[in-house]
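I opened this entry to record what I looked up about the ligand site and the backbone. The notes follow in the order in which I took them.

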Amino acid sequence: MKTLIVCVSVSHGNTRRVAEAMGEVLGARVVEPEEVSPADLAEYDLVGFGSGIFSMAFHPRLREFARSLPEGQQGRAFVFATSGFPAVMGPMTRLLGRKGFEVMDTFSVRAFDTFAPLKLVGGIHKGRPDATDMAAARAFAAGLG
Ligand SMILES: Cc1cc2nc3c(=O)[nH]c(=O)nc-3n(C[C@H](O)[C@H](O)[C@H](O)COP(=O)(O)O)c2cc1C
């Protein structure tokens, strides 16, 4: 199963770590949206889309990439996020569904969050994603196979 993971990870590298762990399990390359053209996705059976959550949404660069995809996508997809609070996965999942993907599953995990007000208290979830979170990410990826 040829798999690609498209990931935006700008704050602490939290999502990139999760993406790399999933990529190891799936034998997938992890790329940023700007490293892949929408047409390239046709080569893949499965495409993962992940980022941190910013102002209650996936990162604008990931959303823009997903929006730019032509309709009629044939493959399967999964969606993942790292965030300070439980992530709302529905809008990205529905967007990819509208593009034609069969969205198999979603994965989200709490992660170190230093968004402005939280910075005052040193952030929340320091040290996460931790070993347990990474094991959960790997198990999720294995379940997609
Ligand atoms: C400016 C900013 C805004 C954020 N907004 C949210 C938010 O609305 N909800 C949430 O759960 N986490 C929020 N976070 C926390 C990030 O989603 C979290 O730290 C995430 O793991 C970052 O992923 P990254 O390190 O891969 O970029 C925010 C963080 C920053 C810096």
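**Ligand shell**

I began with the neighbours of the ligand: 20 residues surround it, and those that come nearest are Ser9, His12, Thr15, Ile53 and Thr82. I keep in mind that this is a predicted model.

I sorted the shell by class and got 8 nonpolar, 11 polar and 1 charged residues.

**Backbone contacts**

Which backbone atoms lie close to oxygen atoms of the ligand, within the 3.5 Å that I allow for a polar contact? I noted one for histidine 12, where a backbone N or O atom lies 2.6 Å from a ligand oxygen. Phenylalanine 112 also places a backbone N or O atom 2.6 Å from an oxygen atom of the ligand. For valine 10 I read 2.9 Å between a backbone N or O atom and a ligand oxygen.

I then looked up the cover: of the 650 Å² of accessible area that the ligand has on its own, the protein covers 87%.

**Pocket**

Where does the ligand sit? I found it in the largest pocket.

I listed the elements that give two or more residues to the shell around the ligand, and they are α1 (14-26), β3 (46-54) and β5 (76-83). The most comes from β3, which gives 3 residues to that shell.

For the space in the largest pocket I have about 480 Å³. I counted 23 residues in its lining, and Ile53, Phe54, Ser83, Gly84 and Asp113 lie nearest the centre. Ile53 is thus on two of my lists, being among the residues that come nearest the ligand and among those nearest the pocket centre.

I checked the lining by element as well: α1, β3 and β5 each supply at least two residues. The largest share of the lining is that of β3, with 3 residues. By class, I have the lining as 11 nonpolar, 11 polar and 1 charged.

**Backbone geometry**

I finished with the backbone angles. Most residues other than glycine have a negative phi, and most peptide bonds are trans.

Which residue other than glycine did I note for a positive phi? Serine 55 has a phi near 50 degrees. I placed serine 55 in the loop between β3 and β4 (57-58).

I also noted a cis peptide bond, from arginine 128 to proline 129, with omega near 5 degrees. Proline 129 belongs to the loop between α4 (116-119) and α5 (131-144).

Conventions
Residues numbered from 1 in each chain as written. Predicted model: local features only at pLDDT ≥ 70, side-chain atom pairs only at ≥ 80, totals over all residues. Heavy atoms only, no water. Near = heavy atom within 4 Å. Polar contact = N/O pair within 3.5 Å; in protein donor to acceptor, adjacent residues only side chain to side chain. Areas by Shrake-Rupley, 256 points an atom, 1.4 Å probe, with all protein chains shown as cover. 1 Å grid on protein atoms, 1.4 Å probe; cavity = no way out; pocket = protein on both sides within 12 Å on 5 of 7 lines; lining within 4 Å. Sits in = over half its atoms within 2 Å of the grid points. Helix = DSSP H or I, 4+ residues; strand = E, 2+ residues; numbered from the N terminus. Nonpolar A, V, L, I, M, F, W, Y, C, P; charged D, E, K, R; others polar. Points joined across faces, edges and corners; volume = space filled by probe spheres on them.
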